[in-house]
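Q: Please take a close look at one part of this model: the place where the protein meets a DNA strand. Then show me how the protein chains meet.

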Protein chains: 2
Amino acid sequence: MAAKLESDKGSMAARLRDHGITPTAQRVRVGQILFACDQHLSADDLLRQLRAEGARVSKATVYNTLNLFAAKGLLRELNFDATRSSFDSNTSPHFHFHVENTGELIDVSPGDIEFARLPALPPGTESLGVEVVIRLRRVE
Amino acid sequence: MAAKLESDKGSMAARLRDHGITPTAQRVRVGQILFACDQHLSADDLLRQLRAEGARVSKATVYNTLNLFAAKGLLRELNFDATRSSFDSNTSPHFHFHVENTGELIDVSPGDIEFARLPALPPGTESLGVEVVIRLRRVE
DNA sequence: TTCCTTGCAAAACTTTTGCATTAAA
DNA sequence: TTTAATGCAAAAGTTTTGCAAGGAA
């Protein structure tokens, strides 16, 4: 209902503000799409979805917004595909299966991988996280 | 010395032939650069290095050759940088540190990482390998 | 008002392609 | 000679940029 939509819009605006992002109409709409569920979207995926919903958004704004969200920690950029970047709307720690012959990307929950040993970091560096990708091929 | 260079050229040609690759002059030269040591090179890095050595090679051939070598298992393609692919001349199992604020890529030897638990694969898939990237930031 | 954001088109890049020429077998 | 590889320039795809117009505070 209308009240629900208003509330969603307002809470997305608040969420953006909490991350130091001025909540414009375009950014709120992008946020509502991205954070509806955990997903991996390219700039073009997102633009197509916005246009399908009748949103008035330019390509430049889609790129600006994705980069801004990623810089502010709302998204994580993924470079599995050599030709285009995707953005993961789930920024909590987790891992991925990457099916190379189909392009699929499947989440692995964080509890499903554990390390028995990790290397010491090179001097003068700090860790930003550990990424694990299990490369797969779909068969039969 | 000349004999040494001849021998290197010959053994690179043999190595390419072993992988089902017709050893042309350009491919041998590319192989000699790539496999001189373990390294991570982009197409442009490689083209620049070839040109600096005075090699007569086109951009198209550099791309053709990198893709061919990767398809034949002589290289592994890496997509850490969103804007360009790199190719790892070390195809044996190992992992990487990726220093995000400098772009550096540092090898982690395979013995330095051990898993205590790994997830079951999705049905209908087989594993092509596990990739681990420890994302770093250089500080101070 | 003042500063930031958007939209549009053009520019910048990386990578691929088409086709005539050249080299490998 | 027959087939495959190369070089060049143009094309294709993604992402960024410059600048005028519009929106937020």
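A: Start at R56(B): one of its polar backbone atoms is 2.6 Å from a phosphate oxygen of DNA strand D. That is a polar contact, a pair of N or O atoms within 3.5 Å; within protein, one must be able to donate a hydrogen and the other to accept it, and residues adjacent in sequence count only if both atoms are side-chain atoms. This is a predicted model, in which local features need pLDDT of at least 70, side-chain atom pairs count only at pLDDT 80 or more, and totals for chains, interfaces and linings use all residues. Residues are numbered from 1 along each chain as its sequence is written, chains are lettered from A and ligands numbered from 1 in the order written, and side-chain values use heavy atoms, without hydrogens and water.

Chain B also offers T24(B), with a polar side-chain atom 2.7 Å from a phosphate oxygen of strand D. On chain A, a backbone N or O atom of S85(A) lies 2.9 Å from a phosphate oxygen of DNA strand D. Helices (H or I, at least four residues) and strands (E, at least two) are DSSP runs, numbered from the N terminus. Those giving two or more residues to the surface near DNA strand D are α4 (59–71) of chain A, and α2 (25–34) and α4 (59–71) of chain B. α4(A) gives the most, four residues.

In total, 17 residues surround strand D; Y63(A), R84(A), T24(B), R56(B) and S58(B) come nearest. Near means that a heavy atom of the residue lies within 4 Å. Sugar and phosphate make up 88% of the strand D atoms within 4 Å of the protein.

Now the two chains. A rotation of 179° with 0.0 Å of shift along its axis superposes chain A on chain B, with RMSD 0.2 Å. The fit is by least squares on C-alpha atoms of residues with pLDDT of at least 70 in both copies. This is the relation of a two-fold axis.

41 residues of chain A are in contact (heavy atoms within 4.5 Å) with 41 residues of chain B. 100% of chain A's interface residues are also interface residues in chain B, so the copies meet through the same surface.

Four salt bridges cross this interface. Each is a side-chain nitrogen of Lys or Arg within 4 Å of a carboxyl oxygen of Asp or Glu. One joins E126(B) and R137(A), with the closest N and O atoms 2.7 Å apart. β7(A) gives the most to the side of chain A that touches chain B, 14 residues.
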